[in-house]
Amino acid sequence: MGNCSQGCKDYFSRQKNTNIRLTLPVVCFVWQIAMIILFGVFIRYDEESDAHWVETKAHDNITSDIENDFYFRYPSFQDVHVMIFVGFGFLMTFLKRYSFGAVGFNFLIASFGLQWALLMQGWFHSLDPQTGKIFIGIESLINADFCVAGCLIAYGAVLGKVSPVQLLVMTLFGVTLFAVEEYIILNLLHARDAGGSMVIHTFGGYYGLSISRVLYRPNLHQSKRMQGSVYHSDTFAMIGTLFLWMFWPSFNSAITDHGDGQHRAVINTYLGLASTVLTTVAISSLSQKTGKLDMVHIQNSTLAGGVALGTAAEFMISPYGALIVGFFCGIISTMGYIFISPFLEKTLKIQDTCGIHNLHAMPGVIGGIVGAITAAAASESVYGKQGLINTFDFTGDFKDRTVLTQGGYQAAGMCVSIVFGVVGGAIVGSILKLPIWGDPADQNCFDDEVYWELPDEEEEHQGSIPPILEYNNHMIHKQQDLSESNFSVEHCES
């Protein structure tokens with residue numbers, strides 16, 4: 001038994017080999033060929049994107065092409081697509097020498113994930129029992145982007161510490177888990193979650209945190225020189241923040257019902273995001289005696305209101321209610337970066353590179369709670385009889401459901417997303433821990449040179465890395481004198 005244990009220990013602690021010349025091309029080619037085959041077998045255009053649309057119009061007495069769902073959904077799809085490929089990618093460019101990995105691997109994950117998501121979500125949500133086919137349209141593309149968002153959130157927790165092969169494996173399982181938990185929450189529990197506070201952010205956040213815990217690196221301090229930002233990397237990350245912030249109302253309203261629900265979701269998200277900015281700035285300034293702002297907070301916590309309003313965006317939460325949610329989310333998220341991130345790393349051994357716990361996981365839970373309370377408190381006097389039915393889809397098998405029962409199912413949905421994230425992440429993390437994926441050594445984390453060809457001028461100066469701006473560091477928390485801060489908190493040292 002002792003020899004077996006020692007053998008396992010030696011196997012997992014053997015020297016890292018980051019040469020992915022064979023594994024990465026094989027995975028990309030095999031998986032893309034598999035997508036082509038599966039799409040050929042299962043995927044077809046839906047009636048609104050098929051060439052028989054002309055006949056469908058005549059049969060259903062549709063007088064104009066403008067009634068095609070494409071014209072309602074495509075503007076929102078554009079915004080969500082930009083968020084996935086530009087917003088998330090550039091938000092993660094804050095590391096001084098990992099911009100290629102942040103944007104490039106984000107591109108890779110999303111491109112593979114959206115294909116797999118169309119299949120997985122199709123099998124669970126729109127598989128035609130008669131033909132055995134999945135019919136896709138513009139709303140399918142939006143939902144696939146939503147699914148990918150959960151995996152990109154998880155990527156934020158392990159940014160700079162994993163190989164592209166590991167990321168593809170993480171996405172394969174992440175999309176699969178997402179499709180299952182989404183089906184349970186939206187179809188079986190019949191919870192409402194238009195903007196994905198529970199289904200996307202809570203799941204993605206805890207999925208990434210759980211993987212990061214399993215992949216804990218006790219010697220990550222060997223890459224300390226790479227774990228900070230420089231001036232221009234912060235600026236690029238802020239571009240990601242602004243794209244996400246501007247388009248978040250589209251994200252939360254993209255798949256809501258046409259009309260008042262979609263209109264209301266935009267208004268509520270718009271107001272919640274604005275409120276979050278002010279409280280984030282306030283807490284960031286208060287956290288230092290000098291009153292200076294921390295770019296970590298501005299880049300991330302300013303988005304927390306949009307996350308928290310994902311579930312209740314289409315509900316009658318009222319404009320001032322949206323402002324209240326944003327108000328508290330800005331405070332809680334910023335305090336998370338100041339207090340909770342150091343605790344997670346020092347005590348729970350969770351190395352959360354981007355602080356996704358404070359931007360996605362925690363605000364996602366808040367969004368689930370807000371959604372449950374708002375649903376349970378709904379009434380005909382506020383919504384109207386038909387409005388209540390439309391908002392919560394009290395039709396078919398759910399026509400006799402009460403608002404109190406709906407609130408309970410909303411809370412149950414939040415619990416399902418947490419369980420799937422934590423348990424699923426632990427299992428996937430164990431798979432990713434196998435020393436066969438080409439992940440970097442502790443001293444080479446957060447460095448593009450491991451997986452990317454760098455421009456000549458970068459390679460010439462790689463020995464003289466500019467100093468870390470420790471004020472903007474998601475993982476390193478320098479020791480501060482209590483006299484320099486208005487908050488009494490023990491900071492951890494990596």
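Helices here are DSSP runs of H or I with at least four residues, numbered from the N terminus. I'm starting with that because helix H14 is where His 360 lies, and I'd like to come back to that residue later. Hello everyone, and one thing to keep in mind throughout: this is a predicted model.

Let's begin with the whole chain. Its secondary structure comes to 18 helices and two strands. Of its 494 residues, 53% count as buried. And if you take contacts between residues at least 6 apart in sequence, 82% of them join residues at least 24 apart.

Now, on to the empty space. The largest pocket holds about 810 Å³. Which residues lie closest to its centre? Of the 36 that line this pocket, they are His 125, Glu 139, Asn 143, Leu 186 and Ile 255. The elements giving two or more residues to that lining are helices H4, H5, H6, H7 and H8, together with strand S2.

There are enclosed spaces as well: the structure holds two cavities of 30 Å³ or more. The largest cavity has about 100 Å³ of space. Thirteen residues line this cavity, and the closest to its centre are Leu 91, Met 92, Cys 354, Ile 356 and His 360. Here the elements that give two or more residues to the lining are H4, H6 and H14.

You'll have noticed H6 in both lists, so let's stop there for a moment. Helix H6 runs from residue 138 to 158, and at 1.5 Å a residue its 21 residues should span 30 Å; the end C-alpha atoms are 31 Å apart, which agrees. This helix is mostly covered, with 19 of its 21 residues buried. Just after H6, Gly 160 takes a positive phi of about 85°.

Back to His 360, as promised. Is this residue buried or exposed? His 360 has 4% relative accessibility, and the cut-off for buried is under 20%, so it counts as buried. Its side chain and that of His 201 are joined by a polar contact of 3.1 Å. Leaving aside residues up to four places away in sequence, His 360 touches Phe 88, Ile 153, His 201, Thr 202 and Val 307. Met 198 is 162 residues away along the chain, yet the C-alpha atoms of Met 198 and His 360 are separated by 9.7 Å.

H14 has another residue I'd like to show you, Asn 358. At 0% relative accessibility, Asn 358 counts as buried too. The side chain of Asn 358 makes a polar contact of 3.5 Å with the side chain of His 357. Beyond four places in sequence, the residues Asn 358 touches are Ser 333, Gly 336, Tyr 337, Ile 340, Ser 341 and Pro 363.

Next, please turn to helix H16, residues 385–392. Its buried residues are Leu 388, Thr 391 and Phe 392. Where do they sit around the helix? They cover an arc of only 80° around the axis, which puts them on the same side of H16. A quick reminder from the textbook: an α-helix has 3.6 residues a turn, so residues three or four places apart point the same way. The partners that the buried residues of H16 pack against are helices H10, H14, H15 and H17.

Right after H16 comes Asp 393, in the loop that leads to H17. Most residues other than glycine have a negative phi. Asp 393, though, has a positive phi near 55° without being a glycine. At 29% relative accessibility, Asp 393 counts as partly exposed. Its backbone oxygen lies 2.9 Å from a polar atom of the side chain of His 190.

So what about His 190? His 190 lies in the loop between H7 and H8, and at 8% relative accessibility it counts as buried. Among the residues His 190 touches are Ile 185, Phe 392, Phe 398 and Arg 401.

One last stop, with another positive phi. Ser 318 is not a glycine either, and its phi is about 80°. You'll find Ser 318 in the loop between helices H12 and H13. With 23% relative accessibility, Ser 318 counts as partly exposed.

That's my tour. Thanks for listening, everyone!

Notes:
Residues are numbered from 1 along each chain as its sequence is written. This is a predicted model: local features need pLDDT of at least 70, side-chain atom pairs count only at pLDDT 80 or more; totals for chains, interfaces and linings use all residues. Side-chain values use heavy atoms; hydrogens and water are left out. Buried means under 20% relative accessible area, exposed over 50%, partly exposed in between (1.4 Å probe, protein chains only). The arc is that of the directions from the helix axis to the C-beta atoms. Contact means heavy atoms within 4.5 Å. The expected span of a helix is 1.5 Å times one less than its number of residues. A polar contact is a pair of N or O atoms within 3.5 Å; within protein, one must be able to donate a hydrogen and the other to accept it, and residues adjacent in sequence count only if both atoms are side-chain atoms. On a 1 Å grid over the protein atoms alone, a cavity is a set of points where a 1.4 Å probe fits but cannot get out, and a pocket is an open set with protein on both sides within 12 Å along at least five of seven lines; lining residues have an atom within 4 Å of a point. Grid points are joined across faces, edges and corners, and a volume is the space filled by probe spheres set on the points.
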